[in-house]
Amino acid sequence: MEVKARAPGKIILAGEHAVVHGYTAVASSINLYTVASLRLCSEDEDKIRLHLKDVGLDFSWPVERIKEVLSHLGAPFSSTPTSCSLEIVKSIATLVEEQSFPETKVGLASGVYAFLWLYTSILGFKPATVVVTSELPVGAGLGSSAAYCVTLSAALLAFSDSVKLDISQKGWLTFKEADIELLNKWAFEGEKIIHGKPSGVDNSVSTFGNMIKFKSGNMTRINSNMPLRMLITNTKVGRDTKALVANVSARKSRHPDAMCSVLNAIESISDEWSTIIQSHPLDDLSLAANEERLRELMEMNQGLLLAMGVSHASIETILQTTMKYKLASKLTGAGGGGCVLTLLPTRILFYLVLL
């Protein structure tokens with residue numbers, strides 16, 4: 001039997017980095033997806049295989065070898081999401097190191113660690129083949145790792161005893177609310193293996209979709225009452241999210257008062273973002289006024305991110321280009337490269353249509 005699960009990527013509209021330190025962020029899912037296909041095999045096949053199709057990586061482990069290395073895990077515990085201890089990470093590292101891992105792609109190893117932890121925790125040692133494909137660029141600030149963890153967790157939970165899902169049906173099925181909460185918790189555990197100390201905003205918006213407000217692990221769903229159109233530009237400059245987050249923390253330690261002011265200002269921007277997009281524009285003039293307020297907030301947010309040390313020359317080039325057309329842009333995600341958001345006012349879209 002085979003099951004497929006999919007999860008969307010995300011953009012941070014306001015509050016990246018600040019959210020790691022317990023401040024508010026506003027995020028939205030986007031219509032680019034990661035898909036995981038899981039096919040249980042017969043006991044005779046005796047292997048657990050992971051194929052990361054888009055990056056050309058293919059791994060397989062004999063079930064007995066995984067049992068040998070991770071014997072202390074015991075039975076699967078799919079209903080109780082648990083953090084992966086340092087001891088288990090070291091054991092998983094042994095399994096990964098036994099594979100042929102190209103040096104140029106060694107940065108993706110943490111994603112394989114997350115797979116082995118999620119798989120053995122939720123399904124135990126059942127032989128299976130898992131194939132992952134994605135429309136999301138890796139390491140670009142669009143939540144590729146979160147979508148990966150969410151879609152893996154969803155596919156695994158579909159075969160577990162913890163979720164009531166009729167997988168004999170054809171077509172996409174939706175998890176019940178309690179099951180979605182469980183899924184989100186497991187995805188967060190995968191994210192922790194990949195990023196160390198993530199805020200939880202990425203996996204939450206990928207799990208629940210649409211738009212959310214997130215602070216200190218607490219999520220509020222947002223109903224946007226105005227059209228919001230963003231151009232996403234990929235700088236194609238790679239970066240290390242974990243290192244960028246650590247650098248911001250180090251700057252906060254060196255300049256606690258100044259950074260506290262920066263983070264408080266970002267939280268104010270996030271709160272105002274949330275208020276504006278939930279308001280009801282009465283007419284085109286009020287819509288244009290709201291878009292102008294969002295434009296100013298994006299400019300301020302980007303300036304504060306620059307002060308935090310997470311911008312990059314490639315990002316600044318895009319900002320200068322869009323500024324020529326009086327469009328506001330900001331980085332999204334960890335920064336240091338990755339993607340940039342540009343707000344497209346409604347009037348520009350009308351103008352393009354008339355052309």
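Buried means under 20% relative accessible area, exposed over 50%, and partly exposed in between, with a 1.4 Å probe and protein chains only. This is a predicted model, so local features need pLDDT of at least 70 and side-chain atom pairs count only at pLDDT 80 or more, while totals for chains, interfaces and linings use all residues. Side-chain values use heavy atoms, with hydrogens and water left out, and residues are numbered from 1 along each chain as its sequence is written.

**Exercise 1. Work through the salt bridge between E189 and K192.**

Step 1: grab the cut-off. A salt bridge is a side-chain nitrogen of Lys or Arg within 4 Å of a carboxyl oxygen of Asp or Glu. For E189 and K192, the closest N and O atoms are 3.2 Å apart.

Step 2: place the pair. Both E189 and K192 sit in helix α5 (residues 177–195), 3 residues apart, or about one turn of the helix. Helices here are DSSP runs of H or I with at least four residues, strands are runs of E with at least two, and numbering goes from the N terminus.

Step 3: check exposure. K192 is partly exposed at 26% relative accessibility, whereas E189 is buried at 8%.

**Exercise 2. Do the same for E292 and R295, then for E98 and R65.**

Step 1: E292 and R295 form a salt bridge with the closest N and O atoms 2.6 Å apart. Both belong to helix α9 (residues 284–307), again 3 residues apart. E292 is partly exposed at 33%, and R295 is partly exposed at 22%.

Step 2: R65, E68 and E98 are joined into one network by salt bridges that share partners.

Step 3: within that network, E98 and R65 meet at 2.3 Å, N to O. This pair links distant parts of the chain, 33 residues apart: E98 is in the loop between α2 (86–97) and α3 (109–122), and R65 is in helix α1 (residues 63–69).

Step 4: the overall salt-bridge count is 13.

**Exercise 3. Which residues of α7 are buried, and what do they pack against?**

Step 1: test the length. Helix α7 (residues 241–254) has 14 residues and should span 20 Å, and its end C-alpha atoms are indeed 20 Å apart. The expected span is 1.5 Å times one less than the number of residues.

Step 2: the buried residues are L244, V245 and V248. They cover an arc of only 100° around the axis, so they lie on the same side of α7. That arc is taken from the directions from the helix axis to the C-beta atoms.

Step 3: these buried residues pack against α8 (256–278), with contact meaning heavy atoms within 4.5 Å. On the other side of α7, S253 and R254 are exposed.

**Exercise 4. How many disulfides does the model have?**

Step 1: a disulfide is a pair of cysteine sulfur atoms within 2.5 Å. The count is 0.

Step 2: for C149, the nearest cysteine sulfur is that of C84, 12 Å away. C149 is buried, with a relative accessible area of 0%.

Step 3: the sulfur of C339 is 19 Å from the closest cysteine sulfur, in C149, so the distance is too far for a bond. C339 is buried as well, at 1%.

**Exercise 5. Where is N210, and is N210 buried or exposed?**

Step 1: N210 is in the loop between α6 (201–208) and β6 (211–215).

Step 2: N210 is exposed at 58% relative accessibility. Its phi is near 60°, a positive value in a residue other than glycine.
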